[in-house]
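Me: I should like to understand the reasoning behind some terms used for a protein model. Please take the structure below as the example.

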Amino acid sequence: MKRFRGFIKKEFFHIYRDKRSLFILFGMPIVQIMLFGFAITNEINNVNIAILDHSKDATTQEIITKIEASNYFSIQESIPNEAAIENSFKKGIIKAVLIFENDFSKKLGKDNNATVQIIADATDPNTANTISNYINAILKNYQHELNKAVKIPYQIIPKTRMVFNPELKGVFMFVPGVMTIILMLVSAMMTSISITREKELGTMEVLLVSPLKPILVIVGKVVPYIFLSIINATIIILLSIFVFKMPLQGSLFLLALESVLFIITSLSLGILISTIANSQQTAMMISLMALMLPTILLSGFIFPITSMPTILQVISNVIPAKWFIIILKGIMLKGVGISFVWKETIILIGMTLFFIALSVKKYKIRLE
Amino acid sequence: MKIIGYIVQKEFKQIFRNKEMLPIIFIMPIIQLIILSNAATFEILNIKFSYVDNDKTSFSRSLIDTFDASTYFNVQNEYPSNKIASAAMLKGEVDVILEIPQHFERSLIKEQQTDLAVIINAINGAAAGVENGYINQIIKNFNTNARAKFMNQNASIERPKTIEASPSFWFNKTLNYKTFMIPGILVLLVTMITLFLSGMNIVREKEIGTLEQINVTPIKKHQFIVGKLLPFWILGLALLSIGLVIAKLLFNIPIIGNLGLMYFYTSIYILVVLGIGLFISNFTETQQQAMFISWFFTVIFILMSGLFTPIESMPRWAQYINEFNPIRYFVEVMRMVMLKGSSLADITSHIVKTIIFAIVMNVLAVISYKKVT
């Protein structure tokens, strides 16, 4: 036991002395949470658009004022004619053009109907679609004002309630995701690297011939990272609650337990990688390329899983991050207890056992 | 020149001999491009939809049928009560609940108007907004049909003034998400592979101790640096080529612009990345550090690059930072040239800025590189 403690102490020294890595280790979660909380959003704000007004009358002027008054758009340049639109798009300055047809007011008065054409640069389909929806909403509002006097019979009025996140804040979606990714990468990457590092530098041999049992060598390697990850998780949760006002509806104790479980899952994944990889480079590339992108994209962190092709929905089930994100959202936002997330918890435990079993099988106590 | 050739040869041998790394360098990016491009979509489909029907008339059922007919919604269950439905939402079994009130049809006819409760799981705020849009549209259409049915044939209502919006989507008529994501993911893969490999390469020699051996040879500083970076420059361009072939053949992504322009820009861009990689490796002692620092900056640069979310929507300060984000320029150029066919004149400012980055980064890297320890 004393030997084991000495070994853990050595690991802590390794980590503590490497100030640069330490800085990144703790700087990363803070920077990422800040970025996601403040900078990264799916919504649109101040999108540059242009207007081509063929009728230039009171109505079109009124509509343009309304569009300007919304914070979504900023009207950039006036475009002389239709032919110039393509060039403007190619320069990439504006994202959409609104075209008012000739005699807009007159048609609206006479035929009760006038058309606004929206041309959007759909190289970014999401933004294009959102722009079109927002402009449509502004037009509908204006139309509503025009028709105040008209009474519409037989109206069904939807009363929508947005639960768990009434203000539709993006942070609620991103905080669980960022937390998962950071824990995953810190734990899996750091352990896999620190074990392969010993292999590559030749010190693994020294450790293996030491009186410490091989399994304890591995456990000793892992323990410091459990501590680091727990500190990270705490920082993230504190930031999300105090800076971004994210609620913690459920039990803090359960949240802590589940976080530790996920940290152990990631660490065991890290150990597994280290049994496969022989150099730090390989270990890092596997952790980064094979873990980072799939974790970001397939875990439901940014992109909704239900919209993916069926095959990918099936694949997403083997990504541990997916289950942890469900658990996090459940506890923090919905305030559910273990009775609602036991299935996810068991899946994570199962994955952990599987990784550990596989690592034990693959673990070589002799170096070739 | 000859010496550089030897170093390049050595590097390539090391790359191709490493049987562990080869698949990671060449196969993994391709698999990722293929798989992940399918995953990256903001489209909201297959929404988990359930309902509580307190009216139970053919009228209320026809409302459910319209939801069923829509491709966006997966109508799953009918719940007997609001309470049970809410519990299902807590479990994550359902994302949208429609609650039809008692006497739905009757009050619509009698009182000319009726409410309809919609409950949306809004944890993903953006998705909830979109779902709400779909739901309102469906209800509106249903309402229009119902009105036509109930209305007395002879009674005419005053026609309201309508302003129609007719959207058209250029360069990507079907709003295909892959068209948008693939150029971006390609950028990501080229950047990550070249940055990580170059960043770790020299540190690795430092850590293993072979850098000292090279330092005592007559190889000049510039020869060493050029020889070290050239292989990764070639590798980056090779990756781009493979990626473009896949984009074209497998995903049928239009490549409207000039290929030469794309390669020209990429070749400058990779110089920036390699400069950063070299710079990082000069300031780190171990591969672990090098990796961590590269990872730190790539994640920030990627997330801010406009690859996933629009830059215009970011706050001012983030947009200023983005002026110095090389990945952002690469993403923009790839999308502009590939999808819109932008010309050299359209991307001149991107090219100039990238050249400046390349010069600054490489000068910094060369200055900070020391042959003596």
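The questions that follow concern confidence, strand pairing and the contact between two chains.

Me: What makes chain B a part of the model scored with confidence, and which values describe it?

Reply: The model is predicted. On a scale from 0 to 100, chain B averages a pLDDT of 86, and 97% of its residues score at least 70. The model as a whole scores ipTM 0.76 and pTM 0.80.

Me: Why are strand 1 and strand 2 of chain A said to pair?

Reply: Pairing requires at least two bridges. Strand 1 (residues 47-53) and strand 2 (residues 73-78) of chain A share four bridges in the parallel sense, so they pair. One of the bridges links A:Val47 with A:Phe73.

Me: Why is the crossover between strand 1 and strand 2 of chain A called right-handed?

Reply: The chain passes from strand 1 through helix 3 (residues 58-69) to strand 2 of chain A. With the strands pointing away from the viewer, this path runs clockwise, and therefore the β-α-β crossover is right-handed.

Me: How do you know that strand 4 of chain A pairs with a strand of chain B?

Reply: Nine bridges join strand 4 (residues 113-121) of chain A to strand 5 of chain B in parallel; at least two are needed, so the strands pair. In this pairing, A:Ala114 has B:Ile163 as its bridge partner.

Me: What makes residues of the two chains count as in contact, and how many do?

Reply: The C-beta atoms must lie within 7 Å. By this criterion, 101 residues of chain B are in contact with 102 residues of chain A. Helix 6 of chain B supplies the largest share of its side, 14 residues.

How values were computed: Residues numbered from 1 in each chain as written. Chains lettered and ligands numbered in written order. Predicted model: local features only at pLDDT ≥ 70, side-chain atom pairs only at ≥ 80, totals over all residues. pLDDT = per-residue confidence, 0-100.
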